[in-house]
Amino acid sequence: MPKRTHQFGFVTVAAASPSLRLGDPAANTLLVIQALEKAAAEGAEIVVLPELCLTGYSCGDLFGQRSLLQGALKGLGLVAEATARLGLTAIVGLPLEVSGRLFNAAAFISRGKILGVVPKTHLPNSGEFYEQRWFASARVAPVKEIDLLGQTVPFGTDLLFQASDLPDCVVGIELCEALWAVEPPSGAQALAGATLLCNLSASDELLTKAAYRRDLVKSQSARCLAAYVYAAAGAGESSTDIVYSGHGLIAENGVVLGESERFRFDLALIVSQIDLDRLAAERRRNSTFFGAPVAVRPRVVGFTLGSPTGQTPKLRRRFSQHPFVPSDPHRRDENCQEIFAIQSTGLARRIRHTGLKHVVIGVSGGLDSTLALLVTLEAFNRLGLDRKGIIGLTLPGPGTSARTRVNAMRLMETLGITAREIPINDAVERHLRDIQHPAGKHDVTFENAQARERTQILMDVANQSHGFVVGTGDLSEAALGWCTFNADHMSMYHVNIGVPKTLVKHLVGWAAHARHVGTERAILEDIVATPVSPELLPPGDDGEIAQQTEMLVGPYELHDFFLYHIIRNGFRPSKVLWIAEHAFAGKYDQTEIRHWLRSFLNRFFSQQFKRSAMPDGPKVGSLALSPRGDWRMPSDAEATAWLAELG
């Protein structure tokens with residue numbers, strides 16, 4: 001049975017930069033081994049060290065000295081022995097003589113065995129760099145195999161290394177300048193299957209260079225849909241005219257997971273966990289990636305990850321309870337502003353196309369309809385239209401509470417739109433009598449009759465006013481099918497359809513403080529604090545909301561978590577259950593999470609027919625469920641295989 005971290009696609013990696021002794025391979029070997037020991041203690045399975053770390057990068061003409069080269073070879077053997085003792089994989093830089101030529105090389109060592117050596121291709125030879133003075137490029141490598149410390153070892157830039165116990169872990173190696181090249185080798189490696197790209201570097205420090213280096217690592221990981229581990233030479237290098245900082249970076253698909261402190265005179269070590277399962281899912285859905293030709297036919301060398309000696313595998317990654325909502329307030333506000341602009345621009349474009357001056361919107365006093373109203377107001381402002389052309393209807397029925405009814409009317413009046421109230425009680429009662437529905441039976445027919453009566457009124461008023469209906473349903477409701485078919489499920493433009501429920505509250509809160517003051521802000525703040533409810537059942541004796549959505553369908557924060565990781569990331573339900581246990585530890589136990597995950601899967605599959613008939617609406621994030629774009633699924637697909645994973 002594979003350990004759970006590997007079962008679910010996680011591998012723990014490290015970038016380490018020891019403070020070396022320049023030109024002293026014996027001392028550097030000990031420092032490298034100490035770095036490996038520290039990384040192993042942190043649970044690292046693959047450790048990337050800097051370019052030429054067994055000698056130091058800045059040795060200059062000393063690279064021509066046999067004593068230095070033999071010392072590096074001896075150190076390589078000792079490092080290999082250490083990897084066997086520690087039970088990990090290391091990628092180590094050293095100068096290596098092959099057929100009378102000297103190469104700047106990276107040795108891939110796993111559990112005591114040297115499995116391959118990758119020579120450097122791009123040798124910088126301008127400014128402060130003079131590598132072509134000492135080293136030959138991989139382009140002129142004379143052989144494909146070399147004899148190294150009694151082993152026959154593959155040699156070349158066409159090598160990839162694949163873990164037998166985690167097949168999605170395929171390691172590609174490039175050295176320093178390759179990252180700055182027009183076409184970095186890591187691009188071809190990624191297309192050939194590499195998911196973990198490793199760069200052994202000795203990049204010196206200049207003003208603003210660290211930020212540029214960080215951007216390169218981020219962008220290359222994003223472009224390659226891969227993880228990228230970067231380890232640079234540290235402050236122990238020569239300071240003759242230049243300074244090195246030991247910059248370490250670990251990125252995954254455009255996100256920096258870890259970055260070391262620079263300019264240290266001791267070991268700089270960062271450890272992070274890569275989600276290879278997520279990267280594989282991204283590649284499966286990206287036609288630009290999987291449709292690109294493979295320029296290099298690699299030699300693939302197998303290795304075993306196992307786990308560092310004495311380490312109990314554990315999940316190191318932290319998963320946000322609310323993946324759609326940034327935890328950083330500044331970034332969250334920026335996202336809200338951008339989403340609001342996308343929503344309002346989409347609606348404004350539709351209004352311009354139709355040439356209409358009126359829209360109709362149902363305003364319930366809840367979050368979704370409030371957001372839709374604010375977006376509509378912004379669209380009218382962008383088009384220079386009179387806000388009186390926004391016809392807001394509040395349609396109180398048997399389940400409407402005093403709080404939402406008052407908030408709906410006050411908000412519309414305060415915003416200066418056309419506000420109307422049309423009670424639906426009599427119409428619903430008449431309809432229920434017409435279909436011979438038993439009085440007092442508060443079932444799904446009773447609830448849906450109200451939803452359909454409201455939609456009928458909205459549509460008819462739109463005809464009267466020569467306008468169209470703006471929908472209010474959100475992404476989470478579409479995923480769960482928590483909408484009445486041919487009722488709130490329908491409109492002429494669904495402005496909220498790309499916004500998950502956990503983000504709706506933040507959007508309304510952001511708008512309240514960024515766009516409104518005084519009474520308007522106070523009303524919006526109270527709406528944000530109102531429990532989520534369809535209000536289709538009578539209020540309690542105290543007049544308060546009796547029917548709360550999350551008591552029926554489950555917590556939206558869980559459903560949005562499931563939606564993000566199953567649909568957006570392509571994770572298996574068993575993995576989602578496991579990471580949810582970690583993310584919501586102390587809030588929901590495994591039994592609760594499993595129950596609502598099963599509910600989510602059942603609903604998502606059974607309610608596809610509603611999404612197949614969904615109106616237009618703007619996509620605002622990386623996940624959308626439009627049947628015309630992002631999500632195409634048969635309405636009669638079975639959830640059996642997904643449910644089976646949960647037992």
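Contact, as used in these exercises, means heavy atoms within 4.5 Å. The structure is a predicted model.

**Exercise 1. Determine what covers the buried residues of helix α5, and how those residues are arranged about the helix axis.**

Step 1. Helix α5 comprises residues 209-223. Its 15 residues, at 1.5 Å a residue, should span 21 Å, and the end C-alpha atoms are 21 Å apart, in agreement with that expectation.

Step 2. Buried means under 20% relative accessible area. The residues of α5 that are buried are Lys-209, Ala-210, Arg-213, Leu-216, Val-217, Gln-220 and Ser-221.

Step 3. Viewed down the axis of α5, these buried residues lie within an arc of 120 degrees, so they line one face of the helix. An α-helix has 3.6 residues a turn, so residues three or four places apart point the same way.

Step 4. The cover over the buried residues of α5 includes α4 (185-191) together with the strands β11 (227-232), β12 (248-252) and β13 (255-259).

Step 5. Just after α5, Leu-225 adopts a positive phi of about 50 degrees.

**Exercise 2. Carry out the corresponding analysis for helix α14.**

Step 1. For α14 (residues 501-515), 15 residues at 1.5 Å each should span 21 Å; the end C-alpha atoms are 21 Å apart, which agrees.

Step 2. The buried residues of α14 are Lys-501, Thr-502, Leu-503, Val-504, Leu-507, Val-508, Trp-510, Ala-511 and Ala-512.

Step 3. Among the elements covering them are α8 (329-354), α9 (367-383), α13 (475-480), α15 (518-528) and α17 (556-568).

**Exercise 3. Establish the strand order of the five-stranded open sheet, and identify its edges.**

Step 1. The strands follow the order β18-β17-β16-β19-β20, with parallel pairing.

Step 2. β18 (418-421) and β20 (493-494) each have a single partner strand and stand at the edges, so one side of each lacks a neighbour in the sheet.

Step 3. Within the sheet, β16 (residues 358-362) pairs with β19 (residues 467-471) in the parallel sense over three bridges. His-358 has Gly-467 in β19 as its bridge partner.

Step 4. Helix α9 lies across β16, β17 (390-394) and β19, and runs at about 165 degrees to β16.

**Exercise 4. Count the disulfides, and examine the surroundings of Cys-59.**

Step 1. The criterion is a pair of cysteine sulfur atoms within 2.5 Å. Applied to this model, it gives a count of zero disulfides.

Step 2. Cys-59 is in no disulfide: the nearest cysteine sulfur, belonging to Cys-53, is 12 Å away.

Step 3. Cys-59 has 7% relative accessibility and therefore counts as buried. Cys-336 is also buried, its relative accessible area being 1%.

Key: Residues numbered from 1 in each chain as written. Predicted model: local features only at pLDDT ≥ 70, side-chain atom pairs only at ≥ 80, totals over all residues. Heavy atoms only, no water. Buried < 20%, exposed > 50% of the residue type's maximum accessible area, 1.4 Å probe, protein only. Helix = DSSP H or I, 4+ residues; strand = E, 2+ residues; numbered from the N terminus. Expected span 1.5 Å × (residues − 1). Arc of directions from axis to C-beta. Pairing = 2+ DSSP bridges. Axes fitted to C-alpha atoms, helices over the stretch in contact; angles between N-to-C directions.
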